[in-house]
Amino acid sequence: MKEVSAAIIIEDGKVLLARRAKGEKLAGYWEFPGGKREDGETIEQCLVREIREELALHIKVLHEFGVSHYEYPGGEIQLIALSCEIEGGTPTLSVHDAVEWVEVRDLLQYQLAPADIPIARQIQADEPTGRESE
């Protein structure tokens, strides 16, 4: 099973989502940005590296947020979501064609990658702003 990191970055009640670009796996799906852990790195190191490579952002990992398991046609993944904050940089796209700051309550209105859906539900359950429209 592959371990995959995901950044949960929440600022002012909004969560950072990125959309996979054409030609990428899961093209058109929105996700919490991150990527696959490489041999010899911790999941935290993986996430810092992936966010730097994919979005040109410098982040600080705060703590583990949650874990989601999902079996895609290409294999099973364990998505490890980590709460983070941005320390610097401006989002620059490489494997994504868009990034958006999304209201917590609106997360499930986006076409999320299947492994990201349980994490989105957890964010909505944990964030007071996730219940405003209910």
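Here are some friendly notes on the strands, salt bridges and backbone angles of this predicted model.

1. A good place to start is strand S1, residues 2-11, as several pairings involve this strand. S1 runs parallel to strand S6 (residues 75-89), and eight bridges join the two. If you would like a residue pair to look at, take Ser 5, whose bridge partner in S6 is Ile 80.

2. S1 also pairs with S4, this time in the antiparallel sense and over three bridges. Here Val 4 is the residue that stands opposite Lys 36 of S4.

3. The pairing of S1 with S2 is antiparallel as well, with two bridges. Glu 11 has Lys 14 in S2 as its bridge partner. These two strands form a hairpin with two residues between them, and Asp 12 in that hairpin has a positive phi near 50°.

4. Now to the charged side chains. How many salt bridges does a search of the whole structure find? The count is ten. One of them joins Glu 3 to Arg 37, with 2.6 Å between the closest N and O atoms. Glu 3 belongs to strand S1, while Arg 37 sits in the loop between strand S4 (34-36) and helix H1 (43-55), so this contact ties together parts of the chain 34 residues apart in sequence. Glu 3 counts as partly exposed because its relative accessibility is 27%, and Arg 37 is likewise partly exposed, at 34%.

5. Lys 14, already met as the partner of Glu 11, also forms a salt bridge with Glu 103, where the closest N and O atoms are 4.0 Å apart. Since the criterion is within 4 Å, you may want to keep that distance in mind when you look at this pair. Lys 14 is in strand S2 (residues 14-20) and Glu 103 in strand S7 (residues 96-103), so the pair ties together parts that are 89 residues apart in sequence. Both ends are partly exposed: Lys 14 has a relative accessibility of 32%, and Glu 103 has 25%.

6. A further salt bridge links S7 and S2. Asp 97 and Arg 19 have their closest N and O atoms 2.7 Å apart. Asp 97 is in S7 and Arg 19 in S2, which makes this a link between distant parts of the chain, 78 residues apart. Asp 97 is partly exposed at 36% relative accessible area, and Arg 19 is partly exposed at 27%.

7. Which residues are joined into one network by salt bridges that share partners? They are Glu 38, Glu 41, Arg 49, Glu 50 and Glu 53. This group may be worth viewing together rather than pair by pair.

8. Last, a word on backbone angles. Most residues other than glycine have a negative phi. Leu 26 has a positive one of about 60° and is not a glycine. Leu 26 is found in the loop between S2 and strand S3 (30-31), and its relative accessible area of 32% makes it partly exposed.

9. Ala 56 is another residue to check, with a positive phi near 60° although it is not glycine. Its place is the loop between H1 and strand S5 (57-72). Is Ala 56 buried, partly exposed or exposed? With a relative accessible area of 34%, Ala 56 is partly exposed. Together with Asp 12 in the hairpin of S1 and S2, Leu 26 and Ala 56 make a handy list of positive phi values to look up in the model.

Key:
Residues are numbered from 1 along each chain as its sequence is written. This is a predicted model: local features need pLDDT of at least 70, side-chain atom pairs count only at pLDDT 80 or more; totals for chains, interfaces and linings use all residues. Side-chain values use heavy atoms; hydrogens and water are left out. Helices (H or I, at least four residues) and strands (E, at least two) are DSSP runs, numbered from the N terminus. Buried means under 20% relative accessible area, exposed over 50%, partly exposed in between (1.4 Å probe, protein chains only). Two strands pair if DSSP finds at least two bridges between them.
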